[in-house]
Amino acid sequence: GIRATNLWGDLEAAFLNTYQGRWQLSSDVVGNGYAQGKMLFWRRDILENAGGLIALGRDMAEDVASTKVVRKAGLKVRLLGNILPQPIGSRDWQSVWTRQVRWAKVRRMGFPALYAAEVLSGIAVPMLLTLFLTLNGTLNWASLLALPILWFGLEYLLARRAGWPAKPRDIATWIMRDAMIPALWVAGWRGQGFEWRGNSMKGSNGAVTRCPRTPWAQRPKAKNGPLDDPIACSSAWPLAACACDGSGRPDCDGDRGLYGVARVAEPLCGLCDLRAGRSGR
């Protein structure tokens, strides 16, 4: 995350860079990479052997589904050596919190065992343990100061080495972020529902639904033809719910589609092209 213009934007970057980026790249180094991001590059044969694009709708996010498909094929997900920059701009507290809760639920539903240990990924639990050992006399009081200096000092060196933002305000948001991790971890365990840009959604067996799950063949036909009908979510198209806009029609521009999955729902977007009089994308 780069070019944050306010405190909450810096907090968003703190999650993206020296937290999620750090753990993602570290996991990839030991051969345990996870698919994540706005753009995924596939070998077509691997995806087709797994059932095609529909396979990416079997989990709450196509990132999770992609990771599972690749691993099931006996292969490994590989990440770029450097994370591509994402301009952040201005954020507000509520948008940062809801986004992190949503991502926490994605990780929990996709990889529950790994998520269970996530509460240990910030400084909060080590600080509590250090405080306990200090109070019972095992450690001296200087340990309470030494731990955060060492912890965030190493994070600062990583940020400088990687070219990530590391100004004094960035360091302050690293502390804020780690203080939030236990609360986010708890929120991630609470139910399967979440909010996406003002829309309430719910994960069901990994997939996400928002509009009615009417089988495609049972869709009512309007007198002006099927292209004038709302596109109902089909059981044969698990991703359709994610690519619909608020009216139930497919989100062909991808600006409201959950996790950008409109990019893997081209058959739906083809209908939009016809409705709008476009010959293609």
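The following dialogue goes through a predicted model and asks what lies behind the words used for it.

Student: What is in the protein chain, in terms of helices and strands?
Tutor: The protein chain has 10 helices and five strands. Of its 281 residues, 43% are buried.

Student: What share of the contacts in the protein chain with a separation of 6 or more joins residues 24 or more positions apart?
Tutor: Such pairs account for 63% of those contacts.

Student: What supplies the area that the protein chain exposes?
Tutor: Carbon and sulfur atoms supply 61% of the exposed area, which is about 15,300 Å².

Student: How is a pair of packed helices described?
Tutor: Two packed helices are described by the angle between their axes and by the distance between the axes.

Student: Why are α1 and α4 called roughly parallel?
Tutor: The axes of helix α1 (residues 7–29) and helix α4 (residues 93–110) cross at roughly 25 degrees and come within 8 Å. Angles under 35 degrees count as roughly parallel, so α1 is roughly parallel to α4. Their crossing is right-handed.

Student: Which residues make the contact of α1 with α4?
Tutor: On α1 they are Trp8, Leu11, Glu12, Phe15, Leu16 and Gln20. On α4 they are Trp93, Val96, Arg99, Gln100, Trp103 and Arg107. Sorted by class, this contact of α1 with α4 has seven nonpolar, two polar and three charged residues.

Student: What makes the pair α6 and α7 roughly antiparallel?
Tutor: Helix α6 (residues 124–135) and helix α7 (residues 143–162) pack at an angle of about 160 degrees, and their axes are 9 Å apart. Angles over 145 degrees count as roughly antiparallel, and therefore α6 and α7 are roughly antiparallel to each other. The crossing of α6 and α7 is right-handed.

Student: Which residues of α6 and α7 meet?
Tutor: Pro126, Met127, Thr130, Leu131 and Thr134 of α6 meet Ser143, Leu144, Leu147, Pro148 and Trp151 of α7. The contact of α6 with α7 divides into seven nonpolar, three polar and no charged residues.

Student: Why is α7 called oblique to α8?
Tutor: α7 and helix α8 (residues 168–189) pack at an angle of about 125 degrees, with their axes 11 Å apart. Angles over 145 degrees count as roughly antiparallel, 65 to 115 as roughly perpendicular and those under 35 as roughly parallel, with the rest oblique. The angle of about 125 degrees is in none of the named ranges, so α7 is oblique to α8. The crossing of α7 and α8 is right-handed.

Student: What makes up the contact of α7 with α8?
Tutor: Trp151, Phe152, Glu155, Tyr156 and Ala159 belong to α7, while Ile171, Trp174, Ile175, Arg177 and Asp178 belong to α8. By class, there are seven nonpolar, no polar and three charged residues in the contact of α7 with α8.

Student: How do you know whether Ala55 is buried or exposed?
Tutor: Ala55 has a relative accessible area of 3%. Buried means under 20%, so Ala55 is buried. Ala55 lies in the loop between α2 (44–49) and α3 (62–72).

Student: What does Ala55 touch?
Tutor: Leaving out residues up to four places away in sequence, Ala55 touches Ala50, Ala65 and Val69. Ala55 and Val69 are 14 residues apart along the chain, and their C-alpha atoms are separated by 7.8 Å.

Student: Is Ser27 buried or exposed, and what is its value?
Tutor: Ser27, in helix α1, has a relative accessible area of 14%. The limit for buried is under 20%, so Ser27 counts as buried. Not counting neighbours within four places in sequence, Ser27 is in contact with Asn32, Gly33 and Tyr34.

Student: Why is Asn49 called exposed?
Tutor: Exposed means over 50%, and Asn49 has a relative accessible area of 68%, so Asn49 is exposed. Asn49 is in helix α2. From C-alpha to C-alpha, Asn49 and Ala73 are 8.9 Å apart in space, and they are 24 residues apart in sequence.

Student: What makes Arg3 count as exposed?
Tutor: Its relative accessibility is 64%; the cut-off is over 50%, so Arg3 counts as exposed. Arg3 lies in strand β1 (residues 2–4).

Student: What is noted about phi of Arg3?
Tutor: Phi of Arg3 is near 55 degrees, a positive value in a residue other than glycine. Most residues other than glycine have a negative phi.

Terms used
Residues are numbered from 1 along each chain as its sequence is written. This is a predicted model: local features need pLDDT of at least 70, side-chain atom pairs count only at pLDDT 80 or more; totals for chains, interfaces and linings use all residues. Side-chain values use heavy atoms; hydrogens and water are left out. Axes are lines fitted to C-alpha atoms, for helices over the stretch in contact, and angles run from 0 to 180 degrees between N-to-C directions. Helices (H or I, at least four residues) and strands (E, at least two) are DSSP runs, numbered from the N terminus. A crossing is left-handed if the near helix is turned anticlockwise from the far one by less than a right angle, and right-handed if clockwise. Contact means heavy atoms within 4.5 Å. Ala, Val, Leu, Ile, Met, Phe, Trp, Tyr, Cys and Pro count as nonpolar, Asp, Glu, Lys and Arg as charged, and the others, Gly among them, as polar. Buried means under 20% relative accessible area, exposed over 50%, partly exposed in between (1.4 Å probe, protein chains only). Accessible areas come from the Shrake-Rupley method with a 1.4 Å probe; for residues, only the protein chains shown count as cover.
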